[in-house]
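Let's take a walk through the empty spaces of this protein and the ligand it holds. Keep the 3D view open as you read.

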Amino acid sequence: MTVLPFDERDGTLWYDGAFVPWREAKLHVLSHGLHYGGGVFEGERVYGGAVFKLTEHNERLHTSARELGFAIPFPVSELDDATRELVRRQNITDGYVRPVAWRGSEQMSVSGAGARVHVAIATWEWPRVFSGPARDEGISLGTSRWRRPAPDTAPVRAKAASLYNICTLAREEAEAAGHDDALLLDHRGLLAEATGANLFLVIDGALHTPVADTFLNGITRQTVIGLARDLDITVHERALTPDALADADEVFLTGTAYEVQPVRAVDGHPYGVGKVTRSLAEAYARLVRHPDGRG
Ligand SMILES: Cc1ncc(COP(=O)(O)O)c(C=O)c1O
């Protein structure tokens, strides 16, 4: 499938407070965000024309920026309004939203203190990460040699562009080895997450998920933990060593883009798509379309 390059599309973006033609949304090559990684972003989903957990995402954008030492110059409410209006102008029913904030080109220095902070928001139709049978029958993961860093080594709680180096390396290696995605351990060798989603194991009917202390505590992760409790499924957030994978009956990933994504194998060890994964995937699919509890 040929994908139209992202800079060659028609439409509108929101850029530093104004709606601009999509193709004109440019930045200078000497931006801090490009050279020194001074950038944070979000990934949001549109369901039936409404962004799921929009405010939580924009709050996290602000928190991520603060973790990197800069402030987003637009309040959360303005980002929320801009997103809703953009989704309307772009006529998106089911799609994706990508807000991004970065330090600009006012100075060329490791310190980004004097660089202006820019913010842009884009939205496009983008229904699923994994299509075909993998979506329902599960994806294949390979454990990566790359690890999530310690919290005193990198701003692990921020959705920081610079941290995605690790994910890109891991994902490309996993794909080259014939997997769909990579499973990352953390700096201690504990199970952590995939390259864009959090990890859950089902052991004897209960959910087990790593403590989010070296990676993003995903909004979907928190939502799914809440749904599990509503369904009387016991949830254990705990340190998980890789040998826990041998005890698991089901494995799945959660993320805004991945939603509840079953895993069919980790390093060749097979898993079924069982009752717990199915019930949570269904509950999540209902919730995103009826977040106020209707339907
Ligand atoms: C590395 C990583 N971990 C976890 C997640 C899941 O986070 P959320 O559920 O907030 O999308 C994401 C996606 O944003 C991610 O990129």
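## Around the ligand

Here a residue counts as near the ligand if one of its heavy atoms lies within 4 Å of it. In this predicted model, 14 residues surround the ligand. The closest are Lys159, Tyr164, Glu193, Thr220 and Thr256. Sorted by class, this shell has seven polar, four nonpolar and three charged residues.

Some of these neighbours are worth a click. Glu193 places a polar side-chain atom 2.6 Å from a nitrogen atom of the ligand. For Thr220, an N or O atom in the side chain is 2.6 Å from an oxygen atom of the ligand. Thr256 likewise has a side-chain N or O atom 2.6 Å from an oxygen atom of the ligand. How much of the ligand's accessible area does the protein cover? On its own the ligand has 390 Å² of accessible area, and the protein covers 95% of this.

## The largest pocket

The space that the ligand takes is the largest pocket. This pocket has a volume of about 1,000 Å³. It is lined by 42 residues, and those closest to its centre are Tyr96, Arg98, Trp126, Ala257 and Tyr258. In the lining you will find 22 nonpolar, eleven polar and nine charged residues.

Which element gives the most to this lining? That is helix 5, with five residues. Several elements supply at least two lining residues each: strand 6 (95-103), strand 7 (117-125), helix 5 (164-176), helix 6 (219-230) and strand 14 (250-255).

## A closed cavity

Rolling a probe the size of a water molecule over the atoms shows where empty space is left. Besides looking at pockets, we can ask about closed spaces: how many cavities of 30 Å³ or more are there? The count comes to one.

The largest cavity has a volume of about 40 Å³. Its lining is made up of Arg45, Phe52, His57, Ile219, Thr220, Thr256 and Tyr284. By class, these divide into three nonpolar, three polar and one charged. Two names return here: Thr220 and Thr256 line the largest cavity, and both are among the residues closest to the ligand.

Note on methods:
Residues are numbered from 1 along each chain as its sequence is written. This is a predicted model: local features need pLDDT of at least 70, side-chain atom pairs count only at pLDDT 80 or more; totals for chains, interfaces and linings use all residues. Side-chain values use heavy atoms; hydrogens and water are left out. A polar contact is a pair of N or O atoms within 3.5 Å; within protein, one must be able to donate a hydrogen and the other to accept it, and residues adjacent in sequence count only if both atoms are side-chain atoms. Accessible areas come from the Shrake-Rupley method with a 1.4 Å probe; for residues, only the protein chains shown count as cover. On a 1 Å grid over the protein atoms alone, a cavity is a set of points where a 1.4 Å probe fits but cannot get out, and a pocket is an open set with protein on both sides within 12 Å along at least five of seven lines; lining residues have an atom within 4 Å of a point. A molecule sits in a cavity or pocket if more than half of its atoms lie within 2 Å of its grid points. Ala, Val, Leu, Ile, Met, Phe, Trp, Tyr, Cys and Pro count as nonpolar, Asp, Glu, Lys and Arg as charged, and the others, Gly among them, as polar. Grid points are joined across faces, edges and corners, and a volume is the space filled by probe spheres set on the points. Helices (H or I, at least four residues) and strands (E, at least two) are DSSP runs, numbered from the N terminus.
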